[in-house]
Amino acid sequence: MQHLDHDRLVYLALGESEAANGESTHLDTCEHCRAELTALQQVAGLGAETQGLADLPDPPEHIWQGIAAEISAAQALPSLTGAPRQQTVDQPLSGTSAERQVSGPTPERPINEPTERSVSEPTAERSVSGTTAGPEVPGAGSHWSEGRSSGRSRARRRGWSRWAATAVTAAAAAAVGVVGTVSVLRPDDPPPDPTPAVVAQAPLAAYGSTPPTATGDARVLDGGQLHLHVANLPSVPGYYEVWLINPTTMQMFSVGTLGGGSDALLPLPPNVDLSAYSVVDVSAEQYDNKPAHSGDSLLRGTLTG
Amino acid sequence: MTAPPQNPDPPVDDVALRFREGDEAALREAYDRYGRAVLHLATSMLANRADAEDVTQATFVAAWLGRDTFDPSKGSLIGWLLGIGRRKVIDRMRASARETRVVETVRQLPEPAQTGPDPDRVVDRLVIADELARLPDDQRRMLELAFYDDLTHQQIAAVTGVPLGTVKSHIRRGMASLKRRWEVDGAAPGPRPAGLSGAR
């Protein structure tokens with residue numbers, strides 16, 4: 001039997017008519033027609049669920065205000081969110097300039113008037129207070145740079161200029177490529193050469209009930225990598241995962257996992273704000289397919305420049 | 001969601017292209033058209049209204065800053081925006097669960113079960129609604145009668161006074177458009193004839 005006529009499939013999908021004997025037999029054996037019918041049924045089901053969606057209410061104006069303000073800030077500022085704190089100015093600065101932050105005080109809201117022509121009401125106050133500091137996960141699941149979404153972090157965000165965003169994304173991509181091959185160093189391997197400047201570091205100490213002999217060091221390297229050195233971690237049934245935590249909000253995101261060695265080099269998202277996400281945390285995770293922090297922290301330390 | 005239905009054959013939409021080129025007016029137009037869909041997606045999934053608004057805001061900011069990655073040839077602007085929004089919603093849900101989990105660790109509470117509708121389904125629904133709004137008036141009207149009022153083609157012909165053959169052809173063409181759009185812009189991963197949009 002030939003494939004079912006497409007019109008017939010539409011009618012069957014809409015319940016307009018029943019499949020005749022021959023049609024049923026064909027559908028039982030023909031993957032193509034069956035898939036087509038299934039797809040049309042799905043579409044019909046979705047279509048039935050669209051009632052009311054044509055009349056959705058407009059979003060409140062303050063959302064637009066927030067978008068405009070955030071974008072203005074992101075585009076107006078020449079420096080980077082991924083840059084570490086100001087104490088790094090005494091570090092030797094070499095390499096490309098794209099990843100340097102600009103020194104000096106950063107105005108909190110440098111762009112008072114969003115550039116969008118349609119911003120009509122000055123509701124900036126609402127747009128800041130109305131956006132809860134959300135648990136944004138920098139870099140997670142998105143491969144482009146983005147501004148931070150929360151009002152609180154917006155106040156201290158250092159924005160991206162477009163060229164810088166492009167440059168750093170490319171640099172981060174390159175870094176990921178390299179790190180992919182050397183992410184877990186042999187225990188006695190020397191650090192990568194040439195040694196990048198350390199722009200922030202944190203001694204890691206045993207946390208909670210972890211035996212106090214567990215220790216470590218975290219170093220943020222110029223170029224956006226986190227170098228972890230750990231020692232005497234208790235053995236765990238699963239694996240170790242590295243997190244950056246914002247101690248104010250307890251928002252966090254995963255930086256990566258530790259292999260069996262005592263050193264690991266993990267790429268940081270290019271737009272991470274280390275002044276906010278200042279706590280380095282090493283947790284014990286189970287192979288439980290749950291992406292969230294287990295709550296079982298082994299080591300912690302706070303980054304300082 | 002807001003494509004004016006009185007325009008039976010919409011001209012080629014250049015908002016997506018202008019958006020990609022960095023035209024700020026196109027950002028506003030995109031927001032005016034699709035902001036409510038993104039907000040609907042977020043409010044459908046997130047219990048907290050402020051979170052939903054935050055996700056909506058973050059979606060448009062991320063879309064704008066990442067507009068270089070938008071490929072209009074691979075899908076519609078709204079499909080791409082909803083893809084971003086969906087990811088941000090999921091990030092937000094995970095982060096909330098994570099926070100809750102950390103806070104509750106002492107009590108060893110299990111991770112809260114994910115409730116609410118499937119985000120993919122909400123995205124699919126919004127994509128279909130958008131395409132429905134773009135269909136020529138007659139096609140849209142016939143499909144709405146079939147979808148919402150569950151009328152048979154015969155009944156639709158009777159209600160509208162349109163000949164049965166015409167009703168059938170409108171519905172057939174409308175369904176084809178919806179299906180095509182769903183295959184390009186729909187959220188669910190997995191094999192579909194038209195492949196996936198590049199937005200996710």
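Which helices do the buried residues of H7(B) pack against? They pack against helix H1 (6–13) of chain A, along with helix H6 (137–148) and helix H8 (164–185) of chain B. Keep in mind that this is a predicted model. Here's a quick run through chain B, then H7(B) and H8(B) in more detail.

**Chain B overall**
- Chain B has eight helices and zero strands, so its elements, read from the N terminus, simply go α-α-α-α-α-α-α-α.
- Of the 200 residues in chain B, 55% are buried.
- Take the contacts in chain B between residues at least 6 apart in sequence: 63% of them join residues at least 24 apart.
- The accessible surface of chain B is about 8,300 Å², and carbon and sulfur atoms account for 52% of that.

**Helix H7(B)**
- H7(B) covers residues 153–160, and its buried residues are His153(B), Ile156(B) and Ala157(B).
- Looking down the axis of H7(B), those buried residues sit within an arc of 100°, so they line one face of the helix.
- Flip to the other side of H7(B) and you'll find Gln154(B), Ala158(B) and Val159(B), which are exposed.
- Right after H7(B) comes Gly161(B), which has a positive phi, near 75°.

**Val167(B), a residue of H8**
- Val167(B) belongs to helix H8 of chain B.
- With a relative accessibility of 0%, Val167(B) counts as buried, because the cut-off for that is under 20%.
- Leaving aside residues up to four places away in sequence, Val167(B) touches Met142(B), His153(B), Ile156(B), Ala157(B), Thr160(B) and Val162(B).
- Among those partners, Ile156(B) is 11 residues from Val167(B) in sequence, and the C-alpha to C-alpha distance between the two is 7.2 Å.

**H5(B) against H8(B)**
- Two packed helices can be described by the angle between their axes and the distance between the axes.
- For helix H5 (residues 119–134) of chain B and H8(B), the angle is about 140° and the axes are 9 Å apart.
- That angle makes H5(B) oblique to H8(B).
- The crossing of H5(B) past H8(B) is right-handed.
- On the H5(B) side, the contact is made by Val123(B), Asp124(B), Val127(B), Ile128(B), Asp130(B), Glu131(B), Leu132(B) and Arg134(B).
- On the H8(B) side, Ser177(B), Leu178(B), Arg181(B), Trp182(B) and Asp185(B) make the contact.

Definitions and conventions
Residues are numbered from 1 along each chain as its sequence is written. Chains are lettered from A and ligands numbered from 1 in the order in which they are written. This is a predicted model: local features need pLDDT of at least 70, side-chain atom pairs count only at pLDDT 80 or more; totals for chains, interfaces and linings use all residues. Side-chain values use heavy atoms; hydrogens and water are left out. Buried means under 20% relative accessible area, exposed over 50%, partly exposed in between (1.4 Å probe, protein chains only). Helices (H or I, at least four residues) and strands (E, at least two) are DSSP runs, numbered from the N terminus. The arc is that of the directions from the helix axis to the C-beta atoms. Contact means heavy atoms within 4.5 Å. Accessible areas come from the Shrake-Rupley method with a 1.4 Å probe; for residues, only the protein chains shown count as cover. Axes are lines fitted to C-alpha atoms, for helices over the stretch in contact, and angles run from 0 to 180 degrees between N-to-C directions. Angles under 35 degrees count as roughly parallel, over 145 as roughly antiparallel, 65 to 115 as roughly perpendicular and the rest as oblique. A crossing is left-handed if the near helix is turned anticlockwise from the far one by less than a right angle, and right-handed if clockwise.
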